[in-house]
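Student: I should like to understand how descriptive terms are assigned to a structure. May we take the terms one at a time and set each value against its criterion?

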Amino acid sequence: MKSFQTKIRVRYAETDQMGVVHHGNYAQYLEIARIEWLEQFGVSYKSMEEDGVMLPVYEMNFKYKRPAHFDEQLIVETKLEEKPDVRIKFTYKIYRGAELLTIAKTTLVFMDAETKKPISCPDHILKAIGY
């Protein structure tokens, strides 16, 4: 499936007293990666919301294999799992160089911003990502 790599440098504020990236920051790393994944196809998250489409997270799972530390450059590989419908599912692998640190999955739901009800993936997004 379609994938994209995002580079993220760990900031000091993202680490705990042991110098390890706090687990709560990984959700932000995935968000950054998803937004960049969409942008590679010319889909702006901001314009999507301006068009009345929201994409809240429905489910998020992590497996932490190795810790990340301050000032390390991480690579987040984002991959679309399947053709989106009402849901869009991504898998992620976070690396430090060639070393796999974290595996994650997210499921997001396309939602009408006004009615707050689920909707199908808009046709222009399907077309932009090649479906």
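Student: What makes the charged end of Lys2 count as sitting over the ring of Tyr131?

Tutor: The model is predicted, and all values here are computed from it. The charged end of Lys2 is 5.7 Å from the centre of the ring of Tyr131. The criterion asks for NZ of Lys within 6 Å of the ring centre and within 35 degrees of the ring normal, so the 5.7 Å of Lys2 satisfies the distance condition. Arg87 is likewise placed over the face of Tyr58, at 4.7 Å from the ring centre.

Student: How many aromatic pairs does a search of the whole structure find?

Tutor: The search finds 8 aromatic pairs.

Student: Why is the pair of Trp37 and Phe90 called edge-to-face?

Tutor: A pair of aromatic rings is described by the distance of the centres and the angle of the planes. For Trp37 and Phe90 the centres are 5.0 Å apart and the planes stand at 75 degrees. Centres within 6.5 Å make a pair and planes over 60 degrees apart count as edge-to-face, so 5.0 Å and 75 degrees give that name. Trp37 belongs to helix H1 (residues 26-39) and Phe90 to strand E5 (residues 87-96), so this pair ties together parts that are 53 residues apart in sequence.

Student: How do you know that Trp37 and Phe90 are buried?

Tutor: Buried means under 20% relative accessible area. Trp37 has 0% and is therefore buried; Phe90 has 2% and is therefore buried as well.

Student: Why is the pair of Phe62 and Tyr64 called stacked?

Tutor: The ring centres of Phe62 and Tyr64 lie 5.5 Å apart, with planes at 10 degrees. Planes under 30 degrees apart count as stacked, so the 10 degrees of this pair settles the matter. Ring pairs also link Phe62 and Tyr64 with Tyr26 and Tyr29 into a cluster.

Student: What makes Phe62 and Tyr64 partly exposed?

Tutor: The term covers values between the limits of 20% and 50%. Phe62 has a relative accessibility of 25% and Tyr64 has 42%, so both are partly exposed.

Student: What makes Met18 exposed?

Tutor: Exposed means over 50% relative accessibility, and Met18 has 69%, so the term applies. Met18 lies in the loop between strand E1 (3-9) and H1. From Met18 to Lys105 the C-alpha distance is 26 Å, with their positions 87 residues apart in sequence.

Student: Which residues have the most contacts inside the largest nonpolar core?

Tutor: That core has 29 residues, and those with the most contacts inside it are Tyr29, Leu74, Val76, Ile88, Phe90 and Phe110. At least two residues each come from H1, strand E4 (73-80), E5, strand E6 (99-109) and helix H3 (123-128). H1 gives the most, with 6 residues.

Student: Is Ala33 of helix H1 buried or exposed, and how do you know?

Tutor: Ala33 has a relative accessible area of 0%, which is under 20%, so Ala33 is buried. Beyond its neighbours within four places in sequence, Ala33 is in contact with Thr6, Val76 and Thr78. With the same kind of neighbours left aside, the contacts of Val76 include Phe4, Ile8, Leu30, Ala33 and Tyr92.

Student: What makes the link between the side chains of Thr106 and Tyr92 a polar contact?

Tutor: The side chains are joined at 2.7 Å. A polar contact needs N or O atoms within 3.5 Å, so 2.7 Å meets the distance limit. Thr106 is found in strand E6 and, at a relative accessible area of 1%, is buried. Not counting residues up to four places away in sequence, Thr106 touches Leu30, Arg34, Ile88 and Phe90, among others.

Student: How do you know that the radius of gyration of the protein chain agrees with a compact globule?

Tutor: For 131 residues, a compact globule would have a radius near 14 Å; the protein chain has 15 Å, which agrees. Along its principal axes the C-alpha trace spans about 45 × 25 × 20 Å. Buried residues make up 35% of the 131 residues.

Student: What is the secondary structure of the protein chain?

Tutor: The protein chain has 3 helices and 7 strands, in the pattern β-α-α-β-β-β-β-β-β-α along the sequence.

Note on methods. Residues are numbered from 1 along each chain as its sequence is written. This is a predicted model: local features need pLDDT of at least 70, side-chain atom pairs count only at pLDDT 80 or more; totals for chains, interfaces and linings use all residues. Side-chain values use heavy atoms; hydrogens and water are left out. Rings of Phe, Tyr and Trp (its six-membered ring) pair if their centres lie within 6.5 Å; planes under 30 degrees apart count as stacked, over 60 as edge-to-face and the rest as tilted. Helices (H or I, at least four residues) and strands (E, at least two) are DSSP runs, numbered from the N terminus. Buried means under 20% relative accessible area, exposed over 50%, partly exposed in between (1.4 Å probe, protein chains only). A nonpolar core is a set of buried Ala, Val, Leu, Ile, Met, Phe, Trp, Tyr and Cys residues joined through side-chain atoms within 4.5 Å. Contact means heavy atoms within 4.5 Å. A polar contact is a pair of N or O atoms within 3.5 Å; within protein, one must be able to donate a hydrogen and the other to accept it, and residues adjacent in sequence count only if both atoms are side-chain atoms. The radius of gyration is taken over C-alpha atoms; the globule rule is 2.2 Å times the number of residues to the power 0.38.
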